[in-house]
Amino acid sequence: MTTAASSFVRTLRRAPMFRDRTNTIATVAFVAGLLYWSFRFLNWAVVNAIWALPQDAGSNLCRVAQREGACWAAIHERFRFILLGSYPFDQQWRPTVACLLFISLYAVSTLRSFWRPWLLALWIGVPGAAVLLLRGGFLGLSGVPSEFWGGLPLTFVLSTVGFSAAFPLGVALALGRLSRLPAIRVLCVAYIEVIRGVPIVTFLFMAAVMFPLFMPQSFTVDKLLRAQIAFVMVIAAYLAEVIRAGLQAVPKGQYEAAASMGLTFWPTTILITLPQALRITIPGLVNTFISIFKDTSLVAVIGLFDLLGTAKAVLVDPKWIGFAVEVYFFVACVYFVFSFAVSQYSQYLERMLTARTLH
Amino acid sequence: MPIQPRHERTPRLNPSATRSALRIVHASGRASEAQQRTWPERNHRRWNNPRFRAILLQTIVVAIVCAFFALVAMQTASNLRTRSIASGFHFLGRAAGFEISPGPLPYSSRDSYARALAVGLGNTLRVSLLGILLATALGLLIGVARLSKIWVISTLASAYVEIVRNTPLLLQLLFWYSLSQVLPSPAHALRPLPGIFLCVRGLFVPSLTWDGGLLWIGAALLAFMILMLFVLIRSRRRREQMGQGLPTTRLLVGLATVLLSAALLIGHPRITAERPALMGFNFHGGMSISPEFAALLIGLSTYTAAFIGETIRGGMLAIDRGQTEAAAALGLSRVKILRLVVLPQAIRVIVPPTTSQFLNLTKNSSLAVAIGYPDLISITNTTLNQTGQAIEAIALAMFVYLALSLAISLAMSLYEGRSVPLQPARCNP
């Protein structure tokens with residue numbers, strides 16, 4: 001008993017938080033503060049919280065207790081709307097399956113044994129399948145126009161389709177920026193710099209307001225597709241810079257070796273340099289994907305109902321006005337789970353790849 | 001028939017390698033055989049001429065881009081005609097007719113759209129500049145905290161960074177704004193300190209009115225600047241001659257105190273504090289910070305600080321440990337090691353990514369449109385909704401942002417150019 005206790009104390013003393021006197025004092029002070037604040041937080045979030053309201057009751061019960069406890073009843077009641085938007089209720093298995101498709105796509109992409117050319121095909125096929133499933137209109141699935149899509153599936157669609165569609169464009173822009181041909185280089189540099197110098201919201205407004213002016217009047221494109229196009233344009237410019245860094249990081253000897261084998265530009269690019277560049281840029285691509293995933297929330301500004309848009313819509317409802325902290329907390333948790341997981345993975349990847357190149 | 005040397009098909013990339021390869025071919029004397037070709041082959045060779053292909057390709061690409069823009073322009077012109085929207089920037093001179101919450105620039109709804117947009121730009125600049133200052137200060141704190149030897153501090157800092165970086169900025173802004181909305185109404189305003197009121201309409205603090213004596217203060221400021229320059233130059237010269245400068249900080253603080261008190265004594269200004277007072281449904285008088293501005297400023301600076309903190313941490317880590325150890329071996333104190341050895345070297349690593357964070361903050365201030373702060377984008381939005389001049393309004397906003405981006409990059413590259421001489425001299429040239 002005493003040996004177990006003393007070995008426990010010894011392990012504890014070796015732990016980083018009790019390494020020396022300063023650390024110990026700081027840890028003790030912090031734990032005291034943490035206890036106090038977590039006590040207050042738990043009081044608000046758990047003990048005094050209202051988890052559900054009786055059927056057809058107003059939110060008055062919550063309002064009375066608003067200062068003391070959280071009103072998770074708002075989430076409880078509007079859970080489906082926040083996550084899936086106003087998709088027809090009896091068809092909601094479809095957005096759920098679409099979400100699962102996307103999540104399994106991300107999961108599969110993290111496995112190194114799947115880093116094969118067909119992974120690129122998967123990144124086209126799976127979002128395509130998910131969009132078709134949401135859209136319906138075949139095999140007895142009822143057609144659901146994109147105005148009814150919302151919540152998490154919309155966030156996934158915007159970010160994943162945007163990434164997949166922007167990827168070839170980004171590669172082309174990166175190659176163009178490094179090209180020896182002055183006209184092509186200037187065009188690519190202008191495109192990339194203009195897009196990166198202007199806030200994304202501007203392009204969303206452009207998509208919402210200006211795009212119809214550019215098109216023939218018989219030609220109507222729904223709002224979601226317009227936002228998607230704007231995102232593709234923007235993501236391409238950001239991806240181009242990441243891929244350019246990768247192309248420049250490919251050792252010069254590779255270009256020279258390819259040239260001395262008599263390979264021309266395209267064989268050199270497709271067979272030698274681009275595959276290596278893409279492998280180098282994978283952590284950068286993952287980081288770009290995280291920021292795209294977060295930035296798709298901007299579509300809430302032009303009135304699309306992505307995950308943040310549905311949360312805002314809930315808060316406009318007179319019943320739930322004033323419960324913003326609870327609803328935003330919930331949505332923030334959803335965003336955090338995804339991007340934190342992906343960013344941890346990206347950091348792991350960076351460590352692994354640098355370790356590998358050092359050998 | 002001779003086998004055409006494969007090197008004739010010049011790879012586009014890396015001209016030097018190609019040229020050297022060609023030289024080898026020429027040296028072996030096979031190139032002379034190429035002169036005996038028949039004309040279809042010569043024609044074929046034209047396609048293999050990289051210059052010809054380059055010009056052709058560029059012409060085609062430029063033509064396609066021009067055609068695309070021409071098509072869009074024609075279509076847009078015809079669309080505008082059918083909707084009878086007159087294009088051009090004439091709308092800028094018309095009266096805007098909407099109100100903007102008071103900011104640094106005076107404005108009333110009778111003013112023109114141009115003035116409204118200028119007010120928006122002023123608001124964007126104000127929130128961006130303040131945000132950059134706050135974010136840099138907070139970022140420095142976080143960067144240093146993440147490197148702290150005290151486990152609790154470094155863990156707290158990294159938790160902060162992870163939480164802030166992994167949730168959307170728009171969500172954070174909405175969250176801060178919604179926090180301000182649960183504050184009490186003006187009638188039941190919180191009073192954290194006497195004369196200061198915090199309510200759902202914002203934060204109200206007393207303002208100081210300055211009456212007279214401004215001239216003397218200005219004169220004192222001017223004198224201080226001249227003297228400061230003088231002291232700094234003298235100190236540098238002395239250091240170059242004797243190895244030790246003047247105690248500049250002490251001298252300058254003393255000078256400032258003397259000059260300021262002299263100016264106040266002579267000028268004798270009347271300083272009156274104006275307290276905010278509740279009149280009707282809101283406070284009047286004093287200075288106020290609107291909840292929109294506060295939410296935007298807090299959101300932008302806490303968000304950007306996480307990124308700047310990571311940059312600063314990376315920059316400090318990039319400095320070799322040997323530098324710190326060598327400085328310690330020379331007997332420099334920890335503060336001096338940081339100030340004279342680590343920071344001057346780290347700053348060169350830190351500045352470029354931090355610049356892009358400043359740019360990001362400026363661009364992200366456009367999210368003000370979501371919480372109703374009248375920045376450039378939200379006034380552009382109102383303008384285009386009222387006038388229908390979507391293309392002109394958005395083009396104007398894009399132009400302004402591009403100009404801002406260029407200005408910040410330029411300022412930072414100037415700074416970088418200045419900070420390069422700070423690098424320590426190499427021992428072995």
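Which residue in E2(B) does Leu198(B) stand opposite? Figure 1 has the answer, and the other views go on from there. Keep in mind throughout that this is a predicted model.

**Figure 1. A close-up of the hairpin made by E1(B) and E2(B).** Leu198(B) stands opposite Leu203(B) in E2(B). One more pair to look for is Phe197(B), which sits opposite Phe204(B) in E2(B). Strand E2 of chain B covers residues 202-205, and 3 bridges tie E2(B) to E1(B), with the two running antiparallel. To close the hairpin, the chain uses 2 residues between the strands.

**Figure 2. The open sheet of chain B, in the order E1-E2-E7.** Stepping back from the hairpin brings in the rest of the sheet, which has 3 strands with antiparallel pairing. E2(B) is joined to E7(B) by 3 bridges, and these two strands run antiparallel. Leu203(B) turns up again here: its bridge partner in E7(B) is Ile289(B). So which strands sit at the edges? They are E1 (197-199) and E7 (287-289) of chain B, each of which pairs on one side only. From one strand to the next, the twist averages 15 degrees.

**Figure 3. Ala346(B) and its surroundings in helix H11 of chain B.** H11(B) runs over residues 334-364, and Ala346(B) has its place in this helix. Is Ala346(B) buried or exposed? Ala346(B) counts as buried because 22 other C-beta atoms lie within 10 Å, and the cut-off for buried is 20 or more. Setting aside neighbours within four places in sequence, the contacts of Ala346(B) are Gly315(B), Met316(B), Ala318(B) and Ile319(B). Ala328(B) gives a sense of scale: 18 residues separate it from Ala346(B) in sequence, and 17 Å from C-alpha to C-alpha in space.

**Figure 4. Where chain B touches chain A.** Chain B puts 53 residues into the contact, and chain A puts in 52. On the chain B side, the elements giving two or more residues are helices H1 (15-27), H3 (50-82), H5 (151-165), H6 (169-181), H12 (368-371), H13 (376-387) and H14 (390-419). Which of them gives the largest share? That is H3(B), with 11 residues. By residue type, this side of chain B divides into 34 nonpolar, 14 polar and 5 charged. As for the model scores, ipTM is 0.86 and pTM is 0.79.

**Figure 5. Chain A, a chain of helices and no strands.** There are 14 helices and 0 strands to trace in this view. The C-alpha trace of chain A spans about 75 × 70 × 40 Å along its principal axes. How is chain A divided into domains? Domain 1 takes residues 2-47 and domain 2 takes 60-358, with 40 Å between the two centres, taken over C-alpha atoms. Of the 359 residues in chain A, 35% are buried. Looking at contacts between residues at least 6 apart in sequence, 69% join residues at least 24 apart.

**Figure 6. Chain B as a whole, with its helices and strands.** Chain B comes to 14 helices and 7 strands. Buried residues account for 28% of its 429 residues. Among chain B contacts with a separation of 6 or more, 64% are between residues 24 or more positions apart.

**Figure 7. Confidence along the two chains.** Chain A averages a pLDDT of 84, and 96% of its residues score at least 70. Within chain A, confidence is lowest in H3 (residues 60-64), at a mean of 71, and highest in H7 (residues 152-177), at 92. For chain B the average is 79, with 85% of the residues at 70 or above. Which element of chain B has the lowest mean pLDDT? H1(B) does, at 48, whereas H9 (residues 291-317) of chain B has the highest, at 91. Residues 1-13 of chain B have pLDDT below 50, although this stretch has 28 contacts in the model beyond near neighbours in sequence. Residues 17-32 of chain B also stay under 50, and there the model has 15 contacts beyond four places in sequence. Where pLDDT is low, the predicted coordinates should not be read in detail.

Methods. Residues are numbered from 1 along each chain as its sequence is written. Chains are lettered from A and ligands numbered from 1 in the order in which they are written. This is a predicted model: local features need pLDDT of at least 70, side-chain atom pairs count only at pLDDT 80 or more; totals for chains, interfaces and linings use all residues. Two residues are in contact if their C-beta atoms, placed from the backbone, lie within 7 Å. Helices (H or I, at least four residues) and strands (E, at least two) are DSSP runs, numbered from the N terminus. Ala, Val, Leu, Ile, Met, Phe, Trp, Tyr, Cys and Pro count as nonpolar, Asp, Glu, Lys and Arg as charged, and the others, Gly among them, as polar. A residue is buried if 20 or more other C-beta atoms lie within 10 Å of its own, exposed if 12 or fewer, and partly exposed in between; C-beta atoms are placed from the backbone. Domain bounds come from an automatic or database domain assignment. Two strands pair if DSSP finds at least two bridges between them. Axes are lines fitted to C-alpha atoms, for helices over the stretch in contact, and angles run from 0 to 180 degrees between N-to-C directions. pLDDT is the predictor's confidence in each residue, from 0 to 100.
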